[in-house]
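Hello,

Here is the structure I promised to pass on to you. Have a look at it first, and then read on for what turned up in it.

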Amino acid sequence: MHQALFVSEILSNVFAHVYPFFQLSLYHTESRLSRYYTESLESPYHTESLHHDHTESPPVSRTLAALAITCKLFHEPAMDLLWADIRGLLPLLGCVTRLNPIVYRNYKTQYLWSSEDIEPLSEHEARQFLRHATRVRSFHEENSRHFHLLANLSFETCAFPSLVSLSFAVDHPQAYAKFLRLFLSPTLRQCYLSVSHPDFKYFATHFTALEHLHIQLRPFSHSIADDLSLMYNSIRSCKQLATLSCPPLDWATWRHISNLPTLLTVDISEPRRVPRWPLGRDTHNFAPFHNLTGLSFDVDTAAYTIAVIQHSELPSLRDFVIHVQVLPWPEAEQLCCALSQCKADQTLEHINIICNGELDEEPSSSSLTVITQFFCFTQLRTLQLEFPHCCFNLDNNLLLEAMASWPHICSLELSDMETVPTVTFRGLFTALSRCPNLLRLNMSMDVAGIDIDPTAESFQHTTLESLKLTRSRVADAEAVARILFSMLPRVDKVTDRWDPWNTEISFQKQWDEVNRHLDLLNGREPQRSQSPESEQDTDYCC
């Protein structure tokens, strides 16, 4: 054996390359012990200690297990990696002599076994259960069906002192909250929790070093007001947060996180069937979010989001996303206007505003064109607007101005099923000349009136490769195909976003004909039509 392998730091780095993509993640704590390997309880070096199916175990687990029994020098670093990332209690329960045959017999047959009739662990068995606890760095648990086996463990001290990442999203959190204390390590950096814990204040004292916190509010909780108060207090105890994902916050908590220089992303998700959120009447702005790069909302209405943005300065913001259930036109105007005034002119690169609900009112003649509110974002790479009338007043001149404002734009999606399109082919290609990096385009066009002759034009956009035209009627499929073939050489297919519940505004069959001509021009066999009409005409044989 090479002398370098006797240096523990070198050996650990070598073994780490066996699983080079291992990273502790709050949102993806997949276990390399999915076949629930455990070494022999009597002899850690015995060749029969590998309780897994060699034909089905993940290659990484098998490799690490093999390294662990190769020699004493390899054992510790290999075992540290093998037990570093755990999903559920079963791998640890498999270390208990009494439970080992039950755990692995049922796991091998994929039988969801019940432990209801099994006695809790004794003091000696608890030590067996925790044999590898000091090695665990990432733990994920989604159910509580085996927690009663731990009833005799002491909950006053953390049983996993090296834990860095924890996901504790069990069913019935009220009943099993005390077991969470076993995992509250002073080294904890990432945590996913349900907020519905009766002694959340106890947990808050352990959050001071957290960098990544995800809190989920369960909508069926009967004490939502108390839960929110505990959640706000807990978040305000965090001083080093980098990412935060949680239900809507109150103003005091927003003010606290605005003062965190470490904060990079905030994700607000509003649970359904809960009381309205505490907007209050606070008129004081927050401190500038100097380093916040990502902000997203998943909410019922945009009122809360608008209020937050109006109180905020976001000079480093790169990504903004909102999924909203209802977006009345006045709120759409307010949202876009507020976003344009949040001091992110030179940094914002990605904007997604999505609403799938119906609009109960239409813009008036004095309404602003929302797309103009984004002209100030000169670094924009991606813009997705998907709500009724987002293309209000959009014409050739406005599209040209937009493209000229976004020289780096790569993806533009303007999904509007309400506004009658007025942008023509000439307006489109004039605008495309200002955005050489555009890869994807989805918008409505007036395709029926052809105002360009491809044989007289020398312009080609050689980057655009995905073209989706929503609610665009085709009058001359062959002429349209020739225009696209001549001026957009990388576009080999165009799609129309059709609505199966409103087939009178679907022009997919017309675009199928355009695509057939494109196939012929490109020397390809015409593809089978994908329109709903063609599917209805298919004769299925039994």
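Let me start with a small question: is glutamate 211 buried, partly exposed or exposed? Glutamate 211 counts as partly exposed, at 29% relative accessibility. Please keep in mind throughout that this is a predicted model.

**The overall picture**

The protein has 542 residues, and 51% of them are buried. Its secondary structure comprises 17 helices and 15 strands. If we take the contacts between residues at least 6 apart in sequence, 73% of them join residues at least 24 apart. The exposed area comes to about 25,200 Å², with carbon and sulfur atoms supplying 51% of it.

**Salt bridges**

There are 12 salt bridges in the structure. Glutamate 211 takes part in one of them, with arginine 189 as its partner and 4.0 Å between the closest N and O atoms. This pair ties together distant parts of the chain, 22 residues apart. Arginine 189 sits in the loop between helix H7 (173-176) and strand E4 (190-194), while glutamate 211 sits in the loop between helix H8 (200-204) and strand E5 (212-216). Arginine 189 is partly exposed as well, with a relative accessible area of 28%.

Another salt bridge joins aspartate 250 and arginine 236, whose closest N and O atoms are 3.6 Å apart. Here too, distant parts of the chain are linked: arginine 236 belongs to helix H9 (residues 224-236), and aspartate 250 lies 14 residues away in the loop between strand E6 (243-246) and helix H10 (251-258). Aspartate 250 counts as buried because its relative accessibility is 15%, under the 20% limit. Arginine 236, at 26%, is partly exposed.

A similar question can be asked of arginine 524 and aspartate 519, whose side chains meet in a salt bridge at 2.8 Å, N to O. Aspartate 519 is buried, with a relative accessible area of just 5%, whereas arginine 524 is partly exposed at 30%. Elsewhere, Glu76, Asp80 and Arg135 are joined into one network by salt bridges that share partners.

**A covered strand**

Strand E11 (residues 382-386) is worth a visit: five of its five residues are buried. On one side these are Thr382, Gln384 and Glu386, and on the other Leu383 and Leu385, which leaves both faces covered.

Which strands does E11 pair with? One partner is strand E10 (residues 350-355), which runs parallel to E11 over five bridges; in this pairing, isoleucine 351 stands opposite leucine 383. The other is strand E12 (residues 411-415), also parallel and also joined to E11 by five bridges, with glutamine 384 standing opposite glutamate 413. Together with helix H13 (residues 396-405), E11 and E12 make a right-handed β-α-β unit.

**The nonpolar core**

In soluble globular proteins, nonpolar side chains tend to be buried together. In this model, the largest nonpolar core contains 150 residues. Which of them touch the most other members? They are Leu249, Trp254, Phe320 and Ile353.

Phenylalanine 320 is a good one to click on. Leaving aside neighbours within four places in sequence, its contacts include Leu295, Phe297, Ile309, Leu335, Leu339 and Leu348. Phenylalanine 320 also contacts Thr305, along with His350, Ile351, Asn352 and Ile353. Those last four residues fall within strand E10 (residues 350-355), the parallel partner of E11.

Enjoy exploring!

Best wishes

Methods:
Residues numbered from 1 in each chain as written. Predicted model: local features only at pLDDT ≥ 70, side-chain atom pairs only at ≥ 80, totals over all residues. Heavy atoms only, no water. Core = buried A, V, L, I, M, F, W, Y, C linked by side-chain atoms within 4.5 Å. Buried < 20%, exposed > 50% of the residue type's maximum accessible area, 1.4 Å probe, protein only. Contact = heavy atoms within 4.5 Å. Helix = DSSP H or I, 4+ residues; strand = E, 2+ residues; numbered from the N terminus. Pairing = 2+ DSSP bridges. Right-handed = clockwise from strand over helix to strand, strands pointing away. Areas by Shrake-Rupley, 256 points an atom, 1.4 Å probe, with all protein chains shown as cover.
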